[in-house]
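Here are some notes to read alongside the model, set out as numbered points. Please keep the sequence and the coordinates open while going through them.

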Amino acid sequence: MNLTPSPFAPASFPALPAVRGLKAAAGSRGFYARRGITRDDVFLVVFDPGTACGGVYTRSLTASADVRWCRQALEQGGGQAAALVANSGNSNAFTGPKGVLKNEATLAALTQTLGVKKEHCFLAATGVIGEPLSDPNYVGAFVPDLAAKLGAPDWERLARAFMTTDTYPKGAGTVASIDGAEVRFAGIAKGSGMIAPNMATMLSYVFTDAAIAPELLQTALRQVADETFNAITVDGDTSTSDTLMVFATGASGMAPVTSEEDLRFRAFTAALKEVCLDLAMQVVKDGEGASKVAKITVEDAASPASAKKIACEIANSPLIKTAMAAGDANWGRIVMAVGKAYEPIELESLAIWFDDVQVAKGGARAPDYDEAAASAVFARSEFAIRVSVGVGTGRATVWTCDLTHGYVDINGAYRT
């Protein structure tokens, strides 16, 4: 599938920090061979002993075999990580017993090749749903080859290896000074369609050389996920494979963070959020066929949860998303979406802004409403929609993209 690059695609992949305490390799296993394409489609990351990890996964009831294994490993392995393998080209979702056999074969290859514990190994797969592999050892047989090529991670190559309908590889990183120690963060993500995360997102991994207890890593990740990946939507569809994980090798030399009361925990969480928000925004900007991105904020709601529900109704409305694509500042559709959220509002106080242009006030069209000014906002590639519902102090922000014919083209031809 030849995809037109997103208008938001960066000129080049960012230079990410060299995270200490891990090695990686990527290669082509041939997942795309039947389409006549040769490209990297599997990557392996191996971690130094003592690496902590945390993860959040899709709440979909049709979650992939890989997601189900990762949940199990995270619990049984006590939040310790030794290896991560991810492939594109096949999601290993709804593949029944064959999907489990694929994972068992891959895990056996990891334990035998690397000499690590099974429950410290994590798996991920993305691609077409419901297509079992003819050979359950298809990925496992490739593990020794990847292990022989391990070295300093080429972040761009890893990011490209698990792309599906993405039009560009997504990476983000930062270097934080935490109590005098230089702590490095590097993250990669893939995702373009089937994006309405209900826990985390698509596939996204953040690697850091911070030292932090596994339970605190999990706490930080859950908090960050809700404020980043769980606040984006492209099409309202939650994937069977959504995974967000963070791996902390401890190789920075800092003393381990073991308490939420430690000020370093706050600094760590802030750095993690910076990377995750960057990655999440890249996913929205690479939404299938997207040409515009909107930041949607709902305020003065009954609670943050209520505000988020209303914001998501706005963000997922096909009518609003197609109006965005056409540059039609149809604020009445915002009113519609607010109402169908079935959350508490004060109708007589409802107010709406497009950027700094107020289009509705006091439950009606703004007295000084200016159609040209509102349309000028919707003509921009990035803009904000703000809504006040007048019942409390709850506030939430969600990011989304428009809905163009490109989305139909991509998904109509996805399997061919």
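Is Asp-262 buried, partly exposed or exposed?

1. Asp-262 has a relative accessibility of 22% and therefore counts as partly exposed, since the buried class ends at under 20%. As with everything below, this value comes from a predicted model. Asp-262 is placed in the loop that runs between β10 (243–248) and α6 (263–285). Its C-alpha is 35 Å from that of Leu-114, and the two residues are separated by 148 positions in the sequence.

2. The salt bridges deserve a careful look, and the search of the whole structure returns 16 of them. One of these joins the side chains of Asp-166 and Lys-170, with an N to O distance of 2.7 Å. Both partners are classed as buried, because Asp-166 has 5% relative accessibility and Lys-170 has 0%. The pair also belongs to a network of salt bridges in which Asp-166, Lys-170 and Asp-286 are linked. When inspecting this site, it is worth displaying the three side chains of the network together.

3. A second salt bridge is found between Glu-182 and Arg-184, whose closest N and O atoms are 3.0 Å apart. Glu-182 has a relative accessible area of 41%, so this residue is partly exposed, whereas Asp-166, at 5%, is buried.

4. Which parts of the chain does the salt bridge between Glu-299 and Arg-395 link? In this pair the closest N and O atoms are 3.8 Å apart, and the cut-off for calling a salt bridge is 4 Å. The bridge connects distant parts of the chain, with Glu-299 in strand β11 (residues 293–301) and Arg-395 in strand β16, 96 residues away. Glu-299 is counted as buried because its relative accessibility is 15%.

5. The surroundings of Arg-395 can be described further, starting from its position in strand β16, which covers residues 394–401. With residues up to four places away in sequence left out, Arg-395 touches Thr-297, Val-298, Glu-299, Ser-303, Pro-304 and Ala-307. Glu-299 in that list is also the salt-bridge partner of Arg-395. Gln-358, by contrast, is 37 residues from Arg-395 in sequence and 18 Å from it in space, C-alpha to C-alpha.

6. Phe-43, in strand β2 (residues 42–47), is a buried residue because its relative accessibility is 0%. Apart from residues up to four places away in sequence, Phe-43 touches a set of residues that includes Ala-25, Ala-26, Leu-84, Val-85 and Ala-86. The same set also includes Leu-146, Leu-158, Ala-161, Phe-162, Ile-188 and Tyr-205. The C-alpha atoms of Phe-43 and Ala-159 are 9.0 Å apart, although 116 residues separate the two in sequence.

7. Gln-218 is a polar residue to check in the same way, and its place is in helix α5 (residues 214–227). With a relative accessible area of 16%, Gln-218 is buried, because the limit for that class is under 20%. Beyond its neighbours within four places in sequence, Gln-218 is in contact with Gly-54, Gly-55, Val-56 and Leu-74.

8. Where do residues other than glycine show a positive phi? Most residues other than glycine have a negative phi. Asp-179 has a phi near 55° and lies in the loop between β6 (170–178) and β7 (181–190). Asp-355 has a phi near 50° and lies in the loop between β12 (351–354) and β13 (357–361). Asp-179 is exposed, because its relative accessibility is 66%, whereas Asp-355 is partly exposed, because its relative accessible area is 24%.

9. Finally, there is a negative surface patch, and it is formed by Asp-328, Asp-368, Asp-370 and Glu-371. Asp-328 sits in the loop between α8 (318–326) and α9 (332–340). With 34% relative accessibility, Asp-328 counts as partly exposed, and this value therefore satisfies the requirement of over 30% that applies to patch residues.

Key. Residues numbered from 1 in each chain as written. Predicted model: local features only at pLDDT ≥ 70, side-chain atom pairs only at ≥ 80, totals over all residues. Heavy atoms only, no water. Patch = residues over 30% accessible without salt bridge, like charges linked within 9 Å, V, L, I, M, F, W, Y side chains within 5 Å. Areas by Shrake-Rupley, 256 points an atom, 1.4 Å probe, with all protein chains shown as cover. Lys, Arg positive; Asp, Glu negative; His and termini not counted. Charge placed at Lys NZ, Arg CZ, Asp CG, Glu CD. Helix = DSSP H or I, 4+ residues; strand = E, 2+ residues; numbered from the N terminus. Buried < 20%, exposed > 50% of the residue type's maximum accessible area, 1.4 Å probe, protein only. Contact = heavy atoms within 4.5 Å.
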